[in-house]
Amino acid sequence: GDHPLAFARKKGRTAKGMVAELNGMYKVRSEDVAKTRDRQYNAERALQLKQEELERLQEESTMMEASEDLETSSDERLAEVEDAMRLAATEIEMLEETYATVTMEKESVLRPLQENLTSLQKSLDSLTAQSMSMERETHAASLRLMTAQEGISKVEQKWSVDLTAGIVPAELELPQTCPTCLQPISDEVGGGHDHVHQNMHSVVQEEISTGLESVSSAQELLKKLDLEAKDNYENRMGYETEIEKLTKEMENAKTHWDKQVKQAHDAIVEKRLEFADLSQQMSTVAKGAQAIANHKAAQASLDAGIAAVQYANQTYHALTTQVDEGNDLLASLEEQMDKESKLVGLMGELSDRFGQRGVQSFVLQTIVSSLESIAQVYLDNLSDGSLRLGLEIDEGERISRTAQVIGSDGVFKERPLSTLSGGQWRRCSLALSFAFAELFARRGKLKPSVCVLDEPLTHLDRIGRQKVGEVLRGMLRSADDDFQGFGGLGMNTVLIILQDLAAEELDEAFDCIDEVVRENGESFLKIDD
C-alpha cells in the first residue's frame, strides 16, 4: 500500500474537493430554499389575509340577511318621502326670507336710534370735558385772585393805607422813611437820591393801581367762569335726560324686534327638524334599496373569496412541501460536508504528524507541558501559591511565558512578565531552573548530586530567602536511601555563592557557612566547622 503520509495527503485532497463541491451545491440549494421560503411566507400571509377577508364577507352576509333594511324599501314610499322633502324645502326658503325681512326691519329701526344715542353721548362727553377744563381754569383764576389779594395786603402794610374800598385814596400820606431801603423821604428835589415826596407819591399810586387792577381782573374772570359752568351743567343735565329717554325707547324697540326675530328663527328651526326627519326617512328607504344591492354583491364576493382561499391554501401547502424537501436536502448536504470536513482535518493532522516537523512538534509540546507542570510545583512552594507560570508553544515553535498573580480578592489575574517585581521574577526563574534539572533527571536519567547556585537570593525578602532555603534543604538526599529528596532530585550537596552574608534565616537551611575574607591584598577562607 501507499506510505501513510502520501495516503493522508491524497485522501485529504479528495476530501477537500468533495467539501468544495458540496459547499457549492449547498449554496445553490440554500438560495433556492430561501426563495421558496419567501414564496411560502408570502403565500401564508396571502392565505391569512384571504381567510380574514372571507370571514369578514361571511359576517357581512349574515348581518345583511338579518337586517330589516331588506324589507323597508319600496318605490311608493320613496316617492312619498321625496314630495314631502320638496314641500318642506320650499317652506324653509319662505321662512328664511321672512327671517331676513324681519332682521332688516329691526336693523332699520334700531340703527337711527343707535346713531342718535351715539351723537348725544358724544355731545355729553364733550360737555363733560369742557366742564373739567372750566374747573381747572376756575382753580387757576382762584389762585390768581388769592395772589392779587395777598399783593394788596402787602401794599396796605407797606404804605399803611386802607384799600378795602377798592380805589386809590384821595389823600395819600407817605411815611417819613422808605419801607424798602429805610432811607428818609425828603421834601426837596435833588440831593443825590430819588427818595423825595414827589417821586415816591407817583410810585405808590402806580403800585396800588396795579394791585387793584389785578384783583378786579381775577374777580371778573371768576364770575365769567361761574356763569359758563352753570350753562354747562344745565346743558349736561338736558343731554342726560335725552339719553335716558332715548335708551328706554331703544330697549323697548329691541325687545319687540328680538321677539319677532326669535319667532321667525324658531319657525325655521322647527321646519328644518321636520326636513331632517324626512331626510332620515329617505336615508332609511334608500338604505334598504342599497342593502338589497349590497347583499347581492356580497354574495358574489363571498363565492369569489371561497375560491381564492382554496387556491391560496393549495399554493401554501405545495410551497411548504418544497421547503421541507429543500431543508431535508440541505441537512443531508450539511451532514456530508461535516463528514468530509472532519476527514480533511483528520488527514491534515495525520500529514502533520507524519511530516518532517510533526514528530518534533509533538515531542516539544510534551516536554513543554511537563516543564510547566514541574515548575509550578516548585513555584507554589517558593511563593506560597500566590504565583502561576504558564508555558506555551506559538506557531513559530517558540516558547512564550505568561504569569498570573493572585489579587486581594483571591482571584488570579494575568500580568505581563515585565510588570513583575524583582522577588516575583526571581521565584519564577528559580522554579524554571529547578524544573529543568528535574526534567533532565527524569528523561535523561541524569541525576546530579551537587547543585551550585550563584547569587540566587537577589531581590528576595526575608520570607523569600526562607522559602528558597526550605526548598534547597528539601532537595538534599537524606541518610535513608528510600527518600530521594524534594522533586526526586536527591542531591547530596547544595552550594550557594553569595557576595554578602545573608540574614540569619539561612542558618536553619544550611549545615555550614564558609566565608572568603580579603585582607592586605590577600584572600583566605574561613571554614565553618
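**Group meeting: one chain, element by element**

Start with a single pair: Ala-403 has its bridge partner in strand 3, and that partner is Arg-415. I will come back to the sheet around that pair. One caution first: this is a predicted model.

So, confidence. The mean pLDDT of the chain is 80. A score of at least 70 is reached by 81% of the residues. Which elements have the lowest and the highest mean pLDDT? Helix 1, residues 4-66, is lowest at 79. Strand 3 is highest, at 89.

Now the overall layout. The chain holds six helices and seven strands. Read from the N terminus, the order is α-α-α-α-β-β-β-α-β-α-β-β-β. Of the 529 residues, 27% are buried. The exposed surface is about 35,500 Å². Carbon and sulfur atoms account for 52% of that area. On contacts, take those between residues at least 6 apart in sequence. Of these, 68% link residues at least 24 apart.

Let us walk from the N terminus. Helix 3 covers residues 197-354, and Gly-305 sits in it. Is Gly-305 buried or exposed? Its relative accessibility is 13%, so it counts as buried. Gly-305 also gives us a distance to look at. Its C-alpha is 9.9 Å from that of Glu-52. Along the chain, those two residues are 253 apart.

Next, the loop from helix 4 (358-383) to strand 1, where we find Asp-384. Its phi is positive, about 55°, and it is not a glycine. Asp-384 is exposed, because its relative accessible area is 54% and the cut-off for exposed is over 50%.

Now the sheet I opened with. It is open, has three strands in the order 1-2-3, and the pairing is antiparallel. Which strands are at the edges? Strand 1 (387-393) and strand 3 (412-415), each pairing on one side only. On average, neighbouring strands here are turned by 30° against each other, ignoring direction. As a reminder, strands of a sheet pair through backbone hydrogen bonds, in either the parallel or the antiparallel sense.

Take the two pairings in turn. Strand 1 and strand 2 run antiparallel and share seven bridges. Within that pairing, Glu-392 is matched with Ser-400 of strand 2. Strand 2, residues 399-406, is joined to strand 3 by four bridges, again antiparallel. Here Ile-406 faces Phe-412 of strand 3. And the opening pair belongs here as well: Ala-403 with Arg-415 in strand 3. How many residues separate the two strands of this hairpin? Five lie between strand 2 and strand 3. In that turn, Gly-410 has a positive phi of about 85°.

What lies across this sheet? Helix 5, residues 422-443, which crosses strand 1, strand 2 and strand 3. Against strand 1 it runs at about 55°. Helix 5 has 22 residues. Its first and last C-alpha atoms are 32 Å apart, close to the 32 Å expected at 1.5 Å a residue. Its buried residues include Leu-430, Leu-432, Phe-434 and Leu-439. Arg-427 and Glu-438 are also among the buried residues of helix 5.

On to strand 4. It spans residues 450-454 and pairs with strand 5 in the parallel sense, over five bridges. One pair to check on screen: Val-452 has Leu-495 of strand 5 as its bridge partner. Strand 5, residues 493-497, has alternating side chains. Val-494 and Ile-496 point to one face and are buried. Thr-493, Leu-495 and Ile-497 point to the other face and are not buried.

Between strand 4 and helix 6 there is a loop, with His-459 in it. His-459 is another non-glycine with a positive phi, about 70°. Its relative accessibility is 60%, so His-459 counts as exposed.

Last stop, helix 6. Why does its length agree with expectation? The helix has 14 residues, 462-475, so at 1.5 Å a residue it should span 20 Å, and its end C-alpha atoms are 20 Å apart. Buried residues of helix 6 include Val-468, Val-471, Leu-472 and Met-475. Arg-465 and Lys-467 are buried there too.

To close, three places to look in the viewer. The hairpin of strand 2 and strand 3. Helix 5 across strand 1, strand 2 and strand 3. And the parallel pair of strand 4 and strand 5.

Note on methods. Residues are numbered from 1 along each chain as its sequence is written. Side-chain values use heavy atoms; hydrogens and water are left out. The expected span of a helix is 1.5 Å times one less than its number of residues. Buried means under 20% relative accessible area, exposed over 50%, partly exposed in between (1.4 Å probe, protein chains only). Contact means heavy atoms within 4.5 Å. Accessible areas come from the Shrake-Rupley method with a 1.4 Å probe; for residues, only the protein chains shown count as cover. Two strands pair if DSSP finds at least two bridges between them. Axes are lines fitted to C-alpha atoms, for helices over the stretch in contact, and angles run from 0 to 180 degrees between N-to-C directions. pLDDT is the predictor's confidence in each residue, from 0 to 100.
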